[in-house]
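Trainee: I am new to this structure. Please take me through one helix and the parts around it, slowly and in order.

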Amino acid sequence: CGSSKACALDAGETPASPVVVLVLGETSRYDHWQVNGYARETSPRLMQREVVSFDSCFSVANLTTVSVPFILSRATPTHQELYLQEKSVVDAFHEAGYETSWIADQSFNNHFLLRIAESCDHTHYFMPRNNELLLDTVLLAPVKERTHSKPPYKGWSEKPQMMVVHSLGCHFKYSQRYPDEFQHFVPD
């Protein structure tokens, strides 16, 4: 996210309750994130936060519609039916008392993901209209709305929060997913 304030809460702001944000960022390699030991400054904002980065996760496919259901469930390639028969990790957070949110600019045509999104307390889908350019940064407003520390912020809750942020990411021309001021490594 570079150094833009749009990427994180303002300094000193701390959510009143626990906040879990699961980012599904398309085609983002684990070994190319500074927070995971990469030498280049690819995630400076994450370096300033308490972040758990899972280092033993692998995708079962290179297609969103195939891989994401496996990420959010106990399903495996040999037991694919589990994601249809059991609840998702988002459902588990909801049952544990978390307020859940699905924030996405993709995953509109996946029945499993739509089921999860529809069971969330808050759902924010962003779709381009009339060939407009849709930046992944549109996903940040609902995250910030849900994570401010005190009322009277819209959407404020005393409950712990669990959010899934599903970005379009590197699909197609990924340089069209972020504003020009985020362009850090060139050529992009």
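Mentor: What follows starts with the whole chain, then turns to helix H2 and what lies around it.

This is a predicted model, in which local features need pLDDT of at least 70, side-chain atom pairs count only at pLDDT 80 or more, and totals for chains, interfaces and linings use all residues. Residues are numbered from 1 along each chain as its sequence is written, and side-chain values use heavy atoms, with hydrogens and water left out.

The protein chain has 6 helices and 4 strands; helices (H or I, at least four residues) and strands (E, at least two) are DSSP runs, numbered from the N terminus. Along the sequence the pattern is β-α-α-α-α-β-α-β-α-β. Of the 188 residues in the protein chain, 34% are buried. Buried means under 20% relative accessible area, exposed over 50%, and partly exposed in between (1.4 Å probe, protein chains only).

Helix H2 covers residues 64-71. Its buried residues are Thr64, Ser67, Val68, Pro69 and Phe70. They pack against strand S1 (19-25), H3, H5 and S4.

Ser67 lies in this helix and counts as buried because its relative accessibility is 8%. Apart from neighbours within four places in sequence, Ser67 is in contact with Ser59, Val60 and Ala61, where contact means heavy atoms within 4.5 Å.

Val66, also in helix H2, counts as partly exposed at 33% relative accessibility. Together with Val60 and Leu63, Val66 makes a nonpolar surface patch of about 220 Å². Patches are made of residues with over 30% relative accessible area and no salt bridge; like charges are joined within 9 Å, and nonpolar side chains (Val, Leu, Ile, Met, Phe, Trp, Tyr) within 5 Å. Accessible areas come from the Shrake-Rupley method with a 1.4 Å probe, and for residues only the protein chains shown count as cover.

Next comes Phe70. The structure holds 3 aromatic pairs. Phe70 and Tyr83 form one that is edge-to-face, with 5.8 Å centre to centre and 65° between the planes. Rings of Phe, Tyr and Trp (its six-membered ring) pair if their centres lie within 6.5 Å; planes under 30 degrees apart count as stacked, over 60 as edge-to-face and the rest as tilted. This pair links distant parts of the chain, since Phe70 is in helix H2 and Tyr83 is in helix H3 (residues 82-85), 13 residues apart. Phe70 is buried because its relative accessibility is 11%, and Tyr83 is buried at 18%. Phe70, Tyr83 and Phe112 form one aromatic cluster.

Phe112 leads on to the core. The largest nonpolar core has 18 residues, and those with the most contacts inside it are Leu72, Val90, Trp102, Phe112, Leu113, Ile116 and Val164. A nonpolar core is a set of buried Ala, Val, Leu, Ile, Met, Phe, Trp, Tyr and Cys residues joined through side-chain atoms within 4.5 Å. The elements that give two or more residues to this core are H2, H3, strand S2 (99-104), helix H5 (111-119) and strand S4 (161-167). H5 supplies the largest share, 4 residues. In soluble globular proteins, nonpolar side chains tend to be buried together.

Ser88 lies in the loop between H3 and helix H4 (89-95) and is buried because its relative accessible area is 4%. The C-alpha atoms of Ser88 and Phe70 are separated by 9.4 Å, with their positions 18 residues apart along the chain. Leaving aside neighbours within four places in sequence, Ser88 is in contact with Leu72, Phe112, Arg115 and Ile116.

Arg115 belongs to a salt bridge with Asp91 (3.3 Å, N to O). A salt bridge is a side-chain nitrogen of Lys or Arg within 4 Å of a carboxyl oxygen of Asp or Glu. This pair links distant parts of the chain, Asp91 in helix H4 and Arg115 in helix H5, 24 residues apart. Asp91 is buried at 11% relative accessible area, whereas Arg115 is partly exposed at 33%.

The structure holds 4 salt bridges. In another, Glu86 pairs with Arg74, the closest N and O atoms being 2.7 Å apart. Glu86 lies in the loop between H3 and H4 and Arg74 in the loop between H2 and H3, so the pair ties together parts that are 12 residues apart in sequence. Glu86 is partly exposed at 27% relative accessible area, and Arg74 is exposed at 57%.
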